[in-house]
Amino acid sequence: MTPGIVPPFLLDRLASVDDPRLARAAAAARKTLAIPRPERPARTRLRLSVDAGTLVAEAAPAPDRVISDAGNTERLPGRRVRTEDDGPTGDRSVDEAYDGLGARYDFFWDAFARDGIDAAGGSLLATVHFGVDYDNAFWNGERMVFGDGDGEVFVGFTRSLSVIAHELGHGVTEASGGLEYQGQSGALNESFSDVFGALAEQHARGQRADEASWLIGEGIFTDAVEGVALRSMSAPGTAYDDDVLGVDPQPGHMRDYVDTEEDNGGVHINSGIPNRAFFLVATRLGGFAWERAGLIWYHTLTSGSLSVTADFAAFAAATRAAAAAEYGEESEEVDAVRAAWAEVGVEAQKDATT
């Protein structure tokens with residue numbers, strides 16, 4: 001299954017609501033759960049040029065954004081409506097997606113010198129207006145896909161930069177070797193996307209770690225919902241407390257880890273634990289979170305040493321090793337990483353690759 005920003009347990013709860021005031025939202029949730037998310041087609045894309053008679057590959061450090069409109073159908077990619085260097089269209093979702101992809105590109109380039117999702121200048125693709133009242137956004141392995149929401153519980157999913165960057169973060173994880181979308185490795189997969197989502201938003205706003213909200217999906221709920229976002233990285237379990245949606249179930253410590261077969265073994269729930277670990281590292285180190293904490297997490301993901309089935313303990317060890325490699329074994333960065341994982345109840349394995 002391709003990952004979506006709204007976890008299935010939240011949609012399940014909304015789908016079961018029997019309240020005339022939320023009839024549209026309940027129907028939208030049921031339909032959202034029933035719609036299969038189209039997987040990407042197989043494709044190969046090369047950028048070639050000739051230099052003095054020699055064929056070379058090119059990757060320019062600039063985004064190549066292509067926004068399409070599904071026209072409230074479930075067919076991808078939809079009709080192209082805005083490409084790189086085109087002006088605003090006046091369609092809020094189109095223009096928010098375009099701007100969000102650009103902000104996400106700028107973040108990865110400025111922070112990690114990464115040129116696009118694949119690190120090789122590949123196009124940034126998005127489709128808006130997917131389905132009717134579709135209550136989700138997802139990455140299908142090729143493009144970002146946004147629903148418009150039902151208008152009663154969820155608004156358009158392009159409203160939040162953290163949502164845009166979160167889903168594209170799945171593309172970065174996939175391009176870096178991947179993490180199996182099940183259990184703790186799946187929760188790490190989700191957590192990486194939350195980390196990149198939060199950092200892209202902070203980068204766009206020029207916020208330091210102590211100034212940021214650390215919320216994922218802020219702005220996608222209507223005013224009728226008692227909640228501020230889908231998730232809180234600083235305080236997992238506090239993002240919403242609503243009569244319809246229930247209480248945010250995310251734990252922030254291993255003692256509250258949720259054993260479940262739902263949601264691929266609780267990938268959207270238990271991601272709260274590594275999310276809080278990252279928040280703790282970032283706020284202990286201070287400054288812009290992408291400069292040190294983010295670099296450690298990015299190097300951990302892209303080093304090639306992390307197993308696709310890594311659990312929290314293996315990942316904790318890998319982040320500690322990445323911090324030591326970058327800053328030295330006796331550095332404050334290593335101390336911050338070690339203390340953060342201890343605070344969320346994760347004991348690092350000695351072998352970071354297991």
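## Exercises on a five-stranded sheet

In this predicted model, 5 strands make up an open sheet of mixed pairing, ordered β4-β3-β5-β7-β6; strands are DSSP runs of E with at least two residues, helices runs of H or I with at least four, numbered from the N terminus, and two strands pair if DSSP finds at least two bridges between them. Local features need pLDDT of at least 70, side-chain atom pairs count only at pLDDT 80 or more, and totals for chains, interfaces and linings use all residues. Residues are numbered from 1 along each chain as its sequence is written, while side-chain values use heavy atoms and leave out hydrogens and water.

**Exercise 1.** Determine which strands are the edge strands of the sheet.

*Solution.* Look for strands that pair on one side only, which gives β4 (79-83) and β6 (137-139).

**Exercise 2.** Describe the pairing and the burial of β5.

*Solution.* Begin with β3 (residues 65-69), which pairs with β5 (residues 124-128) in the parallel sense over 5 bridges; Arg-65 stands opposite Leu-124, and Ser-68 has Thr-127 as its bridge partner. Next, β5 and β7 run parallel and are joined by 2 bridges, with Ala-126 opposite Met-144. Finally, 5 of the 5 residues of β5 are buried (under 20% relative accessible area, 1.4 Å probe, protein chains only): Leu-124, Ala-126 and Val-128 point one way, Leu-125 and Thr-127 the other.

**Exercise 3.** Identify the strands that helix α4 touches.

*Solution.* Taking contact as heavy atoms within 4.5 Å, helix α4 (residues 161-175) touches β6 and β7 as it packs on the sheet.

Technical notes:
Axes fitted to C-alpha atoms, helices over the stretch in contact; angles between N-to-C directions. Buried < 20%, exposed > 50% of the residue type's maximum accessible area, 1.4 Å probe, protein only.
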